[in-house]
Amino acid sequence: MQVEQPGVEMFRRDRQGQWVLSEYGLGDSLQLESVNLEIAIADLYRQVQFS
């Protein structure tokens with residue numbers, strides 16, 4: 001499988017206990033409330049080179 005653009009897939013539980021998939025691209029930011037962190041997806045991949 002070849003990835004055309006880097007991104008992040010994250011599963012979170014909703015209030016009913018169901019797992020919900022969220023997808024984030026390079027222009028998005030990811031909020032991790034449990035550890036009080038917000039990070040840009042582009043920053044996650046800053047030093048990664050794709051061929």
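The following exchange asks what stands behind the labels used for this predicted model.

User: What makes the protein chain more spread out than a compact globule?
Analyst: Its radius of gyration is 13 Å. The globule rule gives 10 Å for 51 residues. The value is well over that, so the chain is more spread out than a compact globule. The C-alpha atoms fill a box of roughly 40 × 25 × 15 Å along the principal axes.

User: Which elements does the chain hold, and how do they run?
Analyst: There are one helix and four strands. From the N terminus on, the order is β-β-β-β-α.

User: What share of the residues is buried, and what supplies the exposed surface?
Analyst: Buried residues make up 12% of the 51. The chain exposes about 4700 Å², and carbon and sulfur atoms supply 45% of that area.

User: Which residues make the largest nonpolar core, and what makes it a core?
Analyst: The five residues are Val8, Met10, Tyr24, Leu30 and Ile41. A core needs buried nonpolar residues joined through side-chain atoms within 4.5 Å, so each member has under 20% relative accessible area. In soluble globular proteins, nonpolar side chains tend to be buried together. Ile41 touches three other core members, Val8, Tyr24 and Leu30, among its contacts. Its contacts also include Gly7, Gly25, Leu26, Asp28 and Ser29.

User: Why is Leu21 called partly exposed?
Analyst: Its relative accessible area is 38%. Buried means under 20% and exposed means over 50%. The value falls in between, so Leu21 is partly exposed. Leu21 is found in strand β2, residues 19–24.

User: How do you know that Leu21 can belong to a nonpolar surface patch?
Analyst: A patch residue needs over 30% relative accessible area. Leu21 has 38%, so it passes that cut-off. Leu21 makes the patch with Phe11 and Trp19, at about 340 Å².

User: How does Ser22 compare with the cut-off for buried?
Analyst: Ser22 has a relative accessible area of 22%. Buried needs under 20%, so Ser22 counts as partly exposed. Its place is in strand β2. Ser22 touches Val8, Glu9 and Met10, leaving aside residues up to four places away in sequence. Ser22 and Arg12 are 10 residues apart in sequence, with C-alpha atoms 7.8 Å apart.

User: Why is the pair Arg46 and Asp43 called a salt bridge?
Analyst: The closest N and O atoms are 3.1 Å apart. The cut-off is 4 Å, so the pair qualifies. Side chains of opposite charge can pair when their charged atoms come close. The count comes to one salt bridge.

User: Are Arg46 and Asp43 buried, partly exposed or exposed?
Analyst: Arg46 stands at 59%, over the 50% mark, so it is exposed. Asp43 has 38%, between the two cut-offs, so it is partly exposed.

User: What makes Asn36 stand out, and why is it called exposed?
Analyst: Its phi is near 50 degrees, a positive value in a residue other than glycine. Asn36 lies in the loop between β3 (29–32) and β4 (37–40). Its relative accessible area is 68%, over 50%, so Asn36 is exposed.

User: Where does Leu44 lie, and why is it called partly exposed?
Analyst: Leu44 lies in helix α1, residues 41–44. At 41% it falls between 20% and 50%, so it counts as partly exposed. Leu44 touches Val8 and Ile39, not counting residues up to four places away in sequence. Its C-alpha atom is separated by 9.9 Å from that of Leu30, 14 residues apart along the chain.

How values were computed
Residues numbered from 1 in each chain as written. Predicted model: local features only at pLDDT ≥ 70, side-chain atom pairs only at ≥ 80, totals over all residues. Heavy atoms only, no water. Patch = residues over 30% accessible without salt bridge, like charges linked within 9 Å, V, L, I, M, F, W, Y side chains within 5 Å. Areas by Shrake-Rupley, 256 points an atom, 1.4 Å probe, with all protein chains shown as cover. Salt bridge = Lys/Arg side-chain N within 4 Å of Asp/Glu carboxyl O. Helix = DSSP H or I, 4+ residues; strand = E, 2+ residues; numbered from the N terminus. Buried < 20%, exposed > 50% of the residue type's maximum accessible area, 1.4 Å probe, protein only. Contact = heavy atoms within 4.5 Å. Rg over C-alpha atoms; globule rule 2.2 N^0.38 Å.
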